[in-house]
Amino acid sequence: MFRIANLILSSFAFISLLCSCGKPGGNEQGETPTVPTVITAEPAQITATQEGGSFSVKLTSPARPKVSGLPDWISYKDGTYNPSTYQMTVTLTVRANESTTARAAELTVSAKGVADITIAVSQEGKEDIPDPNVLPDNVATRRTVELGLGWNMGNQMDAISGGVANETCWGNPKATQATFDGVKSAGFTSVRIPITWQGHIGAAPDYTIETAWINRVAEIVGYAEKTGLNVIINTHHDENHGDSNWLDLRGAVNTAAVNSQIKEEIAAVWTQIAEKFKTKGDFLMFESFNELIYGNEWSSSSNTERKCEVINEWNQVFVNAVRATGGNNETRWLGVPGYAASPNYLKYLAVPEDPANKTMLAFHCYDPYDYTIGDRQLPDWGHTGSSYPRGEEEIKNLFKGIYENYIAKDIPVYMGEFGCSFRSKSDARPWAFFLYYLEYVVKAAKTYGIAPFLWDNGAKGSGKEKHAYIDHGTGQYIGNSSEPVNAMVKAWKTDSQSYTLQKVYDSAPRL
């Protein structure tokens with residue numbers, strides 16, 4: 001009897017288990033979810049940032065739901081409806097909003113036998129960065145106009161091999177009068193002549209500069225002067241980028257005696273340069289350094305204030321040395337960069353005390369690096385491309401900050417280097433974005449009162465840094481370089497009210 005009773009109970013349990021497994025929505029406790037009488041969405045409201053993104057929405061419905069009413073800026077990925085749980089997860093992808101106007105949409109979710117519901121999607125617009133309608137009538141703006149669009153004769157007098165600067169050791173021919181005649185004809189109004197003095201400086205305490213080297217510098221400056229160009233000369237690869245060059249920021253930061261010795265050498269070198277050129281007119285400008293970094297740290301991760309404090313000390317030594325030589329050097333324009341000449345460290349850069357009040361701040365811009373120089377050199381840039389769709393906004397934000405913090409406060413600033421490695425004209429899409437990038441950056445610089453200097457290293461062959469526009473020996477265009485040069489000249493010199501930064505933006509490539 002006992003065995004029969006157990007058998008009966010086991011049978012009931014088995015039948016109960018079968019029944020439980022056969023019911024839709026059965027869970028671990030054998031419970032069956034109630035068939036929903038309405039559609040629900042979790043979440044029912046989505047707020048997207050300007051950059052957009054993808055969002056998962058869990059729909060619960062008595063029958064398979066469908067989503068409709070999607071605008072062109074929202075795409076939809078269907079899910080798999082589970083009749084046991086009455087649920088389905090879908091994905092909504094919101095594209096980046098390239099307008100400054102926020103937008104919203106209501107998507108309809110429907111299913112058989114129940115009332116429709118809506119999913120509300122909203123998205124903020126791009127930050128509205130208004131351009132200055134009129135630049136202030138101050139010294140900073142007038143100085144920008146004087147310099148205009150500039151050109152760098154890079155990898156020339158700054159080239160160095162075996163610790164000794166040499167004009168032709170990096171592959172460029174010797175500069176001639178024709179070089180600067182060509183630069184002027186192309187539409188540039190200023191030139192920056194980077195100069196490395198390493199290997200041509202004697203021992204302490206005089207640190208005498210070799211006569212032949214400084215005379216060659218003077219000869220090249222004379223070429224530019226004869227053509228009517230403004231000129232900037234500096235100390236360039238004398239800085240320590242992990243080597244044993246004399247402008248050793250790491251040593252100076254860590255050891256007071258090293259800092260004192262370097263400041264003595266800075267004063268001696270710049271006193272000699274200033275004496276050499278003291279009778280030259282205001283067309284000539286001196287720039288203290290190029291891209292001072294701590295060892296190989298292009299981005300400072302620690303002790304940044306101390307590193308920049310040393311650079312500020314060196315810039316002050318430079319200004320004092322030049323002004324003390326008298327003559328036209330008492331009122332000559334001077335330029336000073338900060339750490340790595342990066343705009344990211346401009347806030348640490350102090351304007352040196354200058355009795356003439358004619359010191360400019362300098363920075364370099366190769367943003368974004370992976371597009372302009374880096375190993376990847378992505379194929380496009382800007383809101384119509386895929387690699388850097390916020391590229392224009394980043395440039396505008398950078399220049400707007402420089403304008404508000406310096407130009408508008410009558411502190412002149414110039415962009416001593418900018419550029420983009422050449423693309424092949426045979427590949428239409430990268431070439432179009434290359435031209436667009438250069439035009440946009442120059443127009444943005446003009447809009448915000450910053451004088452830009454194009455980097456030209458004469459490199460037209462292999463390597464990632466191909467910035468060859470004008471032949472350094474003949475002054476002739478290299479390859480198809482007249483097209484990007486003309487785009488930049490147009491961006492700088494066109495003053496028509498219809499040719500705005502927004503107009504350039506609207507003409508971005510759509511290939």
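**Exercise 1. Place E404 on the scale from buried to exposed, then describe its salt bridge.**

Step 1. E404 has a relative accessible area of 38%, so E404 is partly exposed. Keep in mind as you work that this is a predicted model.

Step 2. Look for the partner: E404 pairs with K400 in a salt bridge, and their closest N and O atoms are 3.0 Å apart.

Step 3. Now place the pair in the chain. Both belong to helix α9 (residues 391–405), and because they are four residues apart, about one helical turn separates them.

**Exercise 2. Find which parts of the chain the salt bridge between D495 and K446 links, and classify both residues.**

Step 1. In this salt bridge, the closest N and O atoms of D495 and K446 are 2.9 Å apart.

Step 2. The pair joins distant parts of the chain: D495 sits in the loop between α11 and α12 (501–506), while K446 belongs to helix α10, 49 residues apart.

Step 3. The relative accessible area of D495 is 63%, so D495 is exposed. For K446 the value is 21%, so K446 is partly exposed; the cut-off for buried is under 20%.

**Exercise 3. Compare the burial of the two partners R390 and E393.**

Step 1. Their side chains meet in a salt bridge at 2.7 Å, N to O.

Step 2. R390 is partly exposed, at 28% relative accessibility, whereas E393, with a relative accessible area of 6%, is buried.

Step 3. To widen the view, the structure holds 23 salt bridges. K263, R306, E309 and E313 are linked in a network of them.

**Exercise 4. Work out how helix α3 sits in the structure.**

Step 1. List the buried residues of α3 (residues 177–186): T179, F180, G182, V183 and A186.

Step 2. Look down the helix axis. These buried residues fall within an arc of 155 degrees, so they line one face of α3.

Step 3. Find what that face meets: the buried residues pack against β9 (150–153), β12 (190–193), α4 (211–227) and α11 (482–493).

Step 4. Check both ends. At the N-terminal end, T176 caps α3 with a side-chain oxygen 3.2 Å from the backbone nitrogen of A178. Just after the helix, G187 has a positive phi of about 120 degrees.

**Exercise 5. Identify key members of the largest nonpolar core.**

Step 1. This core has 110 residues, and F180, I193, I233, F286, W314 and F399 touch the most other members. Helix α10 (residues 428–447) gives the most to the core, with 12 residues.

Step 2. Zoom in on F399: leaving aside residues up to four places away in sequence, F399 touches F363, M415, V441, A444, A445, Y448 and I450.

Notes: Residues are numbered from 1 along each chain as its sequence is written. This is a predicted model: local features need pLDDT of at least 70, side-chain atom pairs count only at pLDDT 80 or more; totals for chains, interfaces and linings use all residues. Side-chain values use heavy atoms; hydrogens and water are left out. Buried means under 20% relative accessible area, exposed over 50%, partly exposed in between (1.4 Å probe, protein chains only). Helices (H or I, at least four residues) and strands (E, at least two) are DSSP runs, numbered from the N terminus. The arc is that of the directions from the helix axis to the C-beta atoms. Contact means heavy atoms within 4.5 Å. A polar contact is a pair of N or O atoms within 3.5 Å; within protein, one must be able to donate a hydrogen and the other to accept it, and residues adjacent in sequence count only if both atoms are side-chain atoms. A nonpolar core is a set of buried Ala, Val, Leu, Ile, Met, Phe, Trp, Tyr and Cys residues joined through side-chain atoms within 4.5 Å. A salt bridge is a side-chain nitrogen of Lys or Arg within 4 Å of a carboxyl oxygen of Asp or Glu.
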